[in-house]
Amino acid sequence: MKLSYKINIDRPATHQVFVSVTGNKDVNKSTIDLFLPRWSPGSYLIREYSRHISRPMATTTNGEVLYFEQIDTSVFRIDWAKSGLKNNDDNFTFSYFAYAHELTVRTSHVDDSHAYLHLPSLLMGVMDQSIKDPILEISFPSLWTKITTGLKDISENRNSFIYTAYNYDELIDCPIEIGCHETDGFRVFNTDHELAFYGKFLPHHEKIKDDMKQIVEHIAGFFGGVPYEKYTFITHLSPGLYGGLEHRNSTALHYCPTQLTNRKGYINFLGLVSHEYFHTWNVKRIRPFELGPFNYLKEATTKLLWLAEGLTSLMDELFLYRSNLVSIEEYLEMQKDNLNRYFGIPGRRLHSLDDSSFNAWIKLYRPDENMNNSSISYYLKGGIVFFSLNILLAKKNKSINDFLNLLWADYNQNPERGLTADQVYDMVESIGGNEIREKFIEMTTTTKEIDLESLCSDAGLKFEWDKSETPWLGFDAEFHGDRVSIKAVTLDGPAYKAGLNAGDEIIAINGIRILKNQYNDHAKYLLVNNNYLVTVSRLNILHEINILVETHPIKLKSILVVDKALADKVFGR
């Protein structure tokens, strides 16, 4: 089927995008069903993009009105038999407005400063039809001077903006940035890499373009080239933003500009770039078999998101070290932070990586105050499991490199197939043997604790623990002005044992009024192994609850290199 799309943004301050799709139905059928995706690949949550649609209309090419009805929350059926047409016209145009005012990597955002178009939220497909070489024409205010996208430009002149893609999947997998944003670029493997930055920078001393190029050179060099004709980085800068979403030949990044002015924040940005760019290979090509072809109206559940995101979470930081953008000390500082987060999540004892992956749609992407008590992130634990696998393979004089090479070779032999868990386990066995295979299966399918300290010792590393006895109440606080409330309670911690709840407002401790400043200083005046009477407001009713203060769970202070040659063998190129 051939389809042509038009996007018109003539009043961006209203956040409205006018969309039309034109095509022709099968001559042997009297209906055609158009759908808008419910979710976006790489972001595993049903988002119901159709809730932003208004004023839909269907007509023929000569302007006759076609009958249509909404047969599902995301599906519209045009019915020629019910339309009473004067002429036999199989062509149609279906048009609608879409509201776009949410600035995330998985939604569209349009205002008077720019337009970020996340196409799954805007462009309809056709049920049970493949769409070949779709055309997209975009019009926007003349004051906007730039448009950046990974789509193939087929415009006939500079006054039009017309693009195409191989099919519908590739069309909606290319985000678009329009406005007066900053642009730059570089070439790697004789291929253009475009950079677009929307938002404001603060003065900084970093060489962002050079460092992004270094990441691309290293990762693409590892795989021996690039699998695309052009690559586009779209970066949105605004206070509080963080995130990224991978696409086949581009990525959308969100970051807080204030974090680019300190070393740790800048390293985190480079890690985000590395993470999303590596997805060009892992996820957009190497993938669990459930993740393509896509059913955009139904959850694509898989137990292998630990391969998609866990492996990527290992490699994003390892690539930074291997490309000489961070030192070994900085790399190990990132691993220390990862491990402390992991140790601080009780849910790791209740939810395996398989479970975490399969339930991403209802847990990780729908976090609540009990999330850390009931589950573990497949990003976090997945990265730690592959960190462990790399150490185990080093004992066999192998490394994670050998695993990546097998994954890439398998993709090139079977680009349309996708992977099962058994195929992944077979690859591990072919490199490291049956013993490592069984250990890896245990780490991904069970909740058995991983002896990370012993593993790191085998990599020439030593854990240094912070053994200070800091008072611990066992909950995370949030503040409303000076008022203190409980945001989340840690499973089996002091607050959990005492019966304190998320949502409780802390009024007083032992009769002394507690506001933000007093709470922030609680470690100075609370004593371990002592009972305190906490007054809380719960649903506007006062309660007094006894709590026994405990010692804060032990945390890693640092990870030290004690055998440099061994550490280089495990983590080097």
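# Questions on a predicted model

Me: Leu539 has a relative accessible area of 78%; does that make Leu539 buried or exposed?
Reply: Buried means under 20% relative accessible area, exposed over 50%, and partly exposed in between (1.4 Å probe, protein chains only). This is a predicted model, where local features need pLDDT of at least 70, side-chain atom pairs count only at pLDDT 80 or more, and totals for chains, interfaces and linings use all residues. Residues are numbered from 1 along each chain as its sequence is written, and side-chain values use heavy atoms, with hydrogens and water left out. With its 78%, Leu539 counts as exposed.

Me: Where is Leu539 placed, and what is its phi?
Reply: Helices (H or I, at least four residues) and strands (E, at least two) are DSSP runs, numbered from the N terminus. Leu539 lies in the loop between strand E27 (531-538) and strand E28 (541-548). Although Leu539 is not a glycine, its phi is positive, at about 55°.

Me: Which strand holds Arg55, and what is the relative accessibility of Arg55?
Reply: Arg55 is not a glycine either, yet its phi is positive, at about 55°. Its place is in strand E4 (residues 53-59). Arg55 counts as exposed because its relative accessibility is 51%.

Me: How far apart are the end C-alpha atoms of helix H4?
Reply: The expected span of a helix is 1.5 Å times one less than its number of residues. For the 18 residues of H4 (residues 305-322), that gives 26 Å. The end C-alpha atoms agree with this, being apart by 25 Å.

Me: How many of the 18 residues of H4 are buried?
Reply: H4 is largely enclosed by the rest of the structure. The reason is that its buried residues number 18 of the 18.

Me: Which residues touch the most other members of the largest nonpolar core?
Reply: A nonpolar core is a set of buried Ala, Val, Leu, Ile, Met, Phe, Trp, Tyr and Cys residues joined through side-chain atoms within 4.5 Å. In soluble globular proteins, nonpolar side chains tend to be buried together. Of the 100 residues in the largest core here, the ones that touch the most other members are Tyr331 and Phe403.

Me: How many residues does H4 give to this core?
Reply: H4 supplies the largest share of this core. That share is 11 residues.

Me: Which residues are in contact with Phe403, leaving aside its neighbours within four places in sequence?
Reply: Contact means heavy atoms within 4.5 Å. With those neighbours set aside, Phe403 is in contact with Leu307, Leu311, Phe386, Val424, Met427, Val428 and Ile431.

Me: Which strands stand at the edges of the sheet E16-E17-E18-E20-E19?
Reply: Two strands pair if DSSP finds at least two bridges between them. In this open sheet of 5 strands the pairing is mixed. Each edge strand has a single partner, so one side is left without a neighbour in the sheet; these strands are E16 (182-188) and E19 (242-246).

Me: What angle does the direction of helix H2 make with that of E16?
Reply: Axes are lines fitted to C-alpha atoms, for helices over the stretch in contact, and angles run from 0 to 180 degrees between N-to-C directions. H2 (residues 208-223) packs on the sheet and touches E16, strand E17 (191-199) and E18. Its direction makes with that of E16 an angle of about 35°.

Me: What is omega for the cis peptide bond that joins Gly292 and Pro293?
Reply: Pro293 sits in the loop between helix H3 (263-278) and H4. For its cis bond with Gly292, omega is about -10°.
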